[in-house]
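Student: I am new to this structure and should like a close look at a single part. Would you please describe one sheet and its surroundings in a connected account?

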Amino acid sequence: MGGEPVPEREFLRRVEELLKGRVASDPDTLRLYSRYYWLLALLTELRGEPLPKPLAVAWPESAEEVAVLVRLCNEYGIPFAPYAGGSGVIGGTICEKCLVIGVKRMNRVLTFSEEDALVVAEAGVLLRRLEEFLNERGFTLRHIPQSYPEAALGGLIATMSTGQFSTKYGGIEELVLDLEFVAPDGVLVPMRRNLVPRAATGPDLKRLLIGSEGQLGVITKAALKVFPLPQHVWKEAYAFPSFEAGLKAMREVMLSWATPAVARLYDRDDSAARFHDPRDILLLIVEESSEELLRAKVSVIEKLAAKHGGVKLGGEYVEKWLKTRFDVISELKKLVVPLGLWFDTIETAATWSKLPAVYSEFKRRVKAVKGVYAVLAHASHFYTTGACIYFTLTYEASEEVYWRMWREAMRTLIETGATISHHHGVGLLRKDWVAEELGSALDYLKRVKRALDPGNVSNPGKWLG
Amino acid sequence: MIALVSLTVLKAVKLTPKLVARFALLPLRKVRNPCLYCPGICLASCPTFLDSGNMMLSPLGYSRHLELGKEKCAKCWRCVQECPARHQLPETYSREKARLELRVLREGSPLLVAVEGLDESYASSLSSRLGAGLAVVKALDQRYTEGRPLEGSSARAVVKALSGREAYSVSPEAAHALGLRFLPTAFTTLGLKVKYEGVVHIPCLLRSAEPEILNALRAAGAMITGVDRDSCLKAKPRLDALYLCPRAGKLGLKSVYDFLQ
């Protein structure tokens with residue numbers, strides 16, 4: 001097993017034979033690949049405290065090499081953890097004594113069809129590079145999370161990501177047409193023979209991989225929907241009398257199909273921090289290929305915003321957000337770290353009827369936790385049935401405070417009928433709460449895991465066992 | 001900074017006496033290595049990372065292991081251009097500073113400015129051909145090969161000595177460090193023609209000047225069929241691209257200075 005040094009050495013020799021220099025097991029590399037962007041792991045690293053270290057990091061260049069690696073893992077009983085951009089925040093890749101399978105060298109865009117509006121790319125392609133590739137051809141994936149500069153495709157699918165434009169274009173699960181993956185037993189499961197818009201050919205096995213967080217194999221390739229770059233854009237911000245009034249306006253906007261690409265409703269605390277304007281502010285971007293459609297949507301939105309007391313603020317705040325939307329470092333550098341504080345984000349979603357209570361209870365209860373100093377909130381993704389609320393928290397840089405805050409946050413979400421995660425995933429962070437949300441469905445998911453991965457080598461120790 | 005801790009912002013914070021005391025000490029507390037807190041906003045621009053897929057060979061690795069950065073980082077400044085905090089990571093690898101010194105070898109106007117050990121032969125031959133002056137900056141290339149920070153007073157002295165003169169930097173390095181005009185953007189002014197058809201690489205250090213560089217090369221006669229913004233001659237150079245970096249000549253790659261007419 002993994003703890004025995006001789007099989008480990010033999011295993012590493014076989015991996016080295018296969019990859020010829022594209023594997024590392026030196027302490028510095030292992031330490032860097034053990035940290036990831038889980039804020040607790042990062043805090044641990046910054047304090048110089050140890051994190052669970054992988055056995056080695058391997059960089060295959062093809063799905064076939066991934067398959068051989070996974071078969072070797074099965075042969076030697078060594079677990080593996082797929083690793084894409086390293087920008088996840090839930091501890092999904094932290095895996096002691098695992099072989100980390102880094103997919104970043106599998107980074108080719110394989111096919112792009114303007115006529116069919118789809119692209120096929122390898123799992124290690126950086127999202128930004130893929131988007132730039134498409135933009136040069138007049139198209140866009142429009143999947144733009146805050147991790148856009150560093151995230152890679154496979155990780156976005158494995159964590160069931162959403163992006164800043166997902167209100168219109170949908171989360172990654174709505175963009176994926178098909179996948180190729182290496183199953184936990186080392187068999188390469190190819191894409192369908194035919195790429196089609198939809199097929200009623202039974203339950204889609206590939207859908208299991210979306211949100212699987214590396215526990216059901218390694219995603220190696222994906223076919224995705226793409227869209228022509230929109231030609232007409234409208235940007236506006238509104239101040240509402242309350243956060244709830246903003247939510248009501250957005251409910252009507254969504255149900256009237258005047259769907260914006262971006263809608264972000266900041267509560268007054270969040271607005272104060274980001275815009276130095278302590279009002280409940282809604283940022284909107286509507287973008288369309290057709291000017292007529294844009295005008296029609298804007299007209300509907302303007303009426304609904306006014307109906308709920310929205311006051312136009314112009315596009316300045318939208319522009320400010322566009323400029324700073326990927327910057328997770330400036331405030332950390334200037335304020336949070338020098339103050340001896342730390343931060344995290346907790347995202348949830350709920351239906352319209354529950355959202356006001358989710359919002360107010362979360363703010364009240366979590367801000368009351370000892371060591372928590374600020375709870376900012378904005379609704380960032382909207383649906384016809386409800387929305388995602390994204391909380392940004394600042395607290396004492398201590399593991400004790402961290403878990404106290406998370407426990408209260410998860411209890412609040414469960415008790416108010418919200419989900420424990422809208423788009424970051426479960427990982428190690430939320431594994432203790434996922435059963436409460438999924439009920440017996442989790443037991444069946446675990447059975448699926450056992451059936452696909454009898455050796456339990458695919459990112460074990462997480463929420464699927 | 002003042003705006004970040006304005007009263008408006010403080011309304012969103014649960015203030016305790018301990019936190020208020022820390023706010024008071026805030027000006028004294030600096031974060032010296034922001035890369036430690038960053039997910040890697042610059043990753044998609046790092047040539048050694050893009051080539052290897054290995055985070056150790058990226059700003060995340062270099063910032064944690066300065067010796068590795070000194071050895072492996074391309075010092076191309078692309079990460080600095082991407083960084084919201086404008087952290088000058090490539091200058092953190094060495095404690096020893098690069099102490100610049102300007103030596104004017106031949107007075108004249110215009111003045112071509114070379115970097116010692118990098119582009120003196122190109123600069124010398126061009127200065128003879130154009131009847132231009134020639135100056136050499138010592139130690140500057142240490143910034144781009146070893147990651148030494150510039151010694152501030154010496155850099156300011158060089159900039160001051162060149163101010164008010166029609167000075168052109170032969171290399172992207174001197175243009176970047178000293179704010180000089182990059183010579184290829186003045187080829188037409190100086191009567192130089194470029195005989196080249198193919199892909200042109202935009203110098204990593206001067207990415208923001210891409211339109212100016214391309215327009216100048218076209219005006220000088222270059223037939224540009226493609227633009228390479230990705231490769232880096234220190235990491236994974238393209239054999240088919242024309243580099244505006246004099247270092248290309250030394251590495252057996254196509255340097256613009258070998259295509260002048």
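**A sheet of chain A and its surroundings**

Tutor: In this predicted model, strand 12 (residues 232-240) and strand 14 (residues 280-288) of chain A run antiparallel and are joined by nine bridges. Within this pair, A:Ala237 of strand 12 has A:Leu283 of strand 14 standing opposite. In general, the strands of a sheet pair through hydrogen bonds of the backbone, in either a parallel or an antiparallel manner.

The two strands belong to an open sheet of seven strands in chain A, in the order 15-12-14-13-17-18-16, and the pairing is antiparallel. Strand 15 (311-314) and strand 16 (341-351) of chain A are the edge strands, each pairing on one side only. From one strand to the next, the twist averages 25 degrees.

Two helices may now be added to the picture. Helix 9 (residues 243-255) of chain A packs on the sheet, where it touches strand 12, strand 13 (262-266), strand 14, strand 17 (372-382) and strand 18 (386-396) of chain A. The direction of helix 9 makes about 160 degrees with that of strand 13 of chain A. Helix 11 (residues 291-307) of chain A lies across strand 12 and strand 14, and runs at about 160 degrees to strand 14 of chain A.

The sheet also has a link with chain B: strand 17 of chain A is one of the elements that give two or more residues to the side of chain A that touches chain B. Across this interface, 42 residues of chain A are in contact with 36 residues of chain B. Helix 13 of chain A provides the largest share of the chain A side, six residues.

Conventions: Residues are numbered from 1 along each chain as its sequence is written. Chains are lettered from A and ligands numbered from 1 in the order in which they are written. This is a predicted model: local features need pLDDT of at least 70, side-chain atom pairs count only at pLDDT 80 or more; totals for chains, interfaces and linings use all residues. Two strands pair if DSSP finds at least two bridges between them. Helices (H or I, at least four residues) and strands (E, at least two) are DSSP runs, numbered from the N terminus. Axes are lines fitted to C-alpha atoms, for helices over the stretch in contact, and angles run from 0 to 180 degrees between N-to-C directions. Two residues are in contact if their C-beta atoms, placed from the backbone, lie within 7 Å.
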